[in-house]
Amino acid sequence: FPSHDKTFEKFATDSHMPVYTNTAVASASVDGSISAIGITSNGSNYISSLDGTFSSIDIKVSNNTTYRLSPSASSNADFYTGSVIVITSGTGVGQYREIIDYTSDRVAVINDLFDVTPDSTSDYIIRPKIVVTGDGTGALAYATVDTSTVNTIYPINGVVVVNTGSNYTYASAVVSGNTGSINAASNAAIL
């Protein structure tokens, strides 16, 4: 954070800008966290993205890890396997789970129970998972995809970091999941 005006004027040069520590920011920081993941190549054909809302009959088809997706979802088995489902609004907002199986009946099996069970107020998105590897733990992210009608190559156009993780001194990030990826996107983790 920039220092106070008089200090700035006194010590600023073309190659130096005085700053002071913001204690609120410093106390909230996590050593080795990944705050952003940059895209170095957008890739193409990430066609298996989906936006939906659970209907009351779709919640928990057989147990707490099995959900029927919207009628607009693909009827191709394994189409969303390896992708992530993120609750974007309503009950359970902010939760992120990996889809470990997907059937032609539009049923998705997730890797773990939701902490708060979604209901018919829950909107969700399905997106490619970003796999972060390195010497730290806990980083979770997913890719956003350009699905505009003008652009039919469906490239990755951003990355959302869900959990910054901790204790990374190095990391790499790759796109995982989704059936499209003829030209795979690549990413760089920024520590």
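Visitor: How many aromatic pairs does the structure hold?

Guide: This is a predicted model: local features need pLDDT of at least 70, side-chain atom pairs count only at pLDDT 80 or more, and totals for chains, interfaces and linings use all residues. Residues are numbered from 1 along each chain as its sequence is written, and side-chain values use heavy atoms, without hydrogens and water. Rings of Phe, Tyr and Trp (its six-membered ring) pair if their centres lie within 6.5 Å; planes under 30 degrees apart are stacked, over 60 edge-to-face, the rest tilted. Counted this way, the aromatic pairs come to five.

Visitor: What kind of aromatic pair do F54 and Y124 form?

Guide: Look at the two rings together: centre to centre they are 4.6 Å apart. Their planes make an angle of 35°. That makes the pair of F54 and Y124 tilted.

Visitor: How many residues apart are F54 and Y124, and where do they sit?

Guide: Helices (H or I, at least four residues) and strands (E, at least two) are DSSP runs, numbered from the N terminus. F54 is found in the loop between strand 2 and strand 3, while Y124 belongs to strand 7. The pair therefore links distant parts of the chain, with a separation of 70 residues.

Visitor: Are F54 and Y124 buried or exposed?

Guide: The words have cut-offs: buried is under 20% relative accessible area, exposed over 50%, partly exposed in between (1.4 Å probe, protein chains only). F54 and Y124 fall in one class here, and both are buried.

Visitor: Which type of pair do the rings of Y67 and F114 make?

Guide: Y67 sits in strand 3 and F114 in the loop between strand 6 and strand 7, 47 residues apart. Y67 is buried at 2% relative accessibility, and F114 is buried at 6%. Their ring centres are 5.5 Å apart and their planes meet at 70°, so the pair is edge-to-face.

Visitor: Which residues form one aromatic cluster?

Guide: You have already met them in two pairs, F54 with Y124 and Y67 with F114. The members of the single cluster are F54, Y67, F114 and Y124.

Visitor: With which residue does D51 form a salt bridge?

Guide: A salt bridge is a side-chain nitrogen of Lys or Arg within 4 Å of a carboxyl oxygen of Asp or Glu. For D51, the closest N and O atoms are 2.8 Å apart. D51 lies in strand 2 and its partner in strand 7, so the pair ties together parts that are 76 residues apart in sequence. The partner is R127.

Visitor: Is D115, the salt-bridge partner of R97, buried or exposed?

Guide: The closest N and O atoms of R97 and D115 are 3.5 Å apart. R97 lies in strand 5 and D115 in the loop between strand 6 and strand 7, 18 residues apart in sequence. R97 is buried at 11% relative accessibility. D115, at 69%, counts as exposed.

Visitor: Which residue meets K129 in a salt bridge?

Guide: K129 belongs to strand 8 (residues 129–134), and its partner to strand 5, 31 residues apart. K129 is buried at 17% relative accessibility, whereas the partner, at 22%, is partly exposed. With a distance of 2.8 Å from N to O, the side chain that meets K129 is that of E98.

Visitor: How many helices and strands are there in the protein?

Guide: Reading along the sequence, you pass α-α before the run of β elements begins. The totals are two helices and twelve strands.
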